[in-house]
Amino acid sequence: MTKAASLYQFFSSFGIPAYATTDVPDDAVLPYLVYELTTGAFEDNTYPTVELYYHSESNVPINAKAQEISDHCHNGAPIRFDGGGALVYCGTWQGLRDEVSDKIKRRRSNFTIQWVSNT
């Protein structure tokens with residue numbers, strides 16, 4: 001598995017669709033997660049931005065999903081790829097206002113990925 005595929009698998013593991021920022025389809029249906037596809041080499045740290053999008057009257061569903069992801073990454077969630085691995089950490093989630101609709105809820109977090117092995 002490539003680094004890009006392992007990141008996709010990781011971000012898709014939370015029960016909602018995940019898309020790299022350059023691959024969000026025009027007809028994507030909320031909820032979904034969008035992540036910057038950033039990879040590194042041995043001992044690099046990368047800092048991708050991740051955003052959650054929900055359509056809801058309430059902040060409860062999006063806050064619950066953000067908490068679920070944070071809990072999973074609290075101590076560094078491992079990912080594996082051909083020839084190596086990395087640890088993924090979640091930062092604090094920031095609430096954002098959507099310009100299109102107040103029913104579209106958004107959260108943004110800056111993640112840290114520690115590329116701990118190439119072999």
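This passage walks through the two sheets of a predicted model and the helices that lie across them. Residues are numbered from 1 along each chain as its sequence is written. Since the model is predicted, local features need pLDDT of at least 70 and side-chain atom pairs count only at pLDDT 80 or more, while totals for chains, interfaces and linings use all residues; side-chain values use heavy atoms, with hydrogens and water left out.

One sheet is open and has five strands (E runs in DSSP of at least two residues, numbered from the N terminus). Its order is β1-β2-β4-β8-β7, and the pairing (at least two DSSP bridges between two strands) is mixed. β1 (18-20) and β7 (94-97) sit at the edges with a single partner strand each, so one side of each has no neighbour in the sheet. On average, neighbouring strands here are turned by 25° against each other, direction ignored. Within this sheet, β4 (residues 49-55) and β8 (residues 104-110) run antiparallel and are joined by seven bridges; one of the residues involved, threonine 49, has asparagine 110 of β8 as its bridge partner.

The other sheet, also open, puts four strands in the order β3-β9-β6-β5, with antiparallel pairing. Its edges are β3 (45-46) and β5 (77-81), each with a single partner strand, so one side of each is left without a neighbour in the sheet. Two bridges pair β3 with β9 (residues 112-117), and asparagine 45 has glutamine 114 of β9 as its bridge partner.

As for the helices (H or I runs in DSSP of at least four residues), α1 (residues 3-11) lies across β1, β2 (32-35) and β4, at about 150° to β2. Angles run from 0 to 180 degrees between N-to-C directions, with axes fitted as lines to C-alpha atoms, for helices over the stretch in contact (heavy atoms within 4.5 Å). α1 also lies across β5, β6 (84-89) and β9, running at about 145° to β5. α2 (residues 60-73) lies across β2, β4 and β8, at about 150° to β4.
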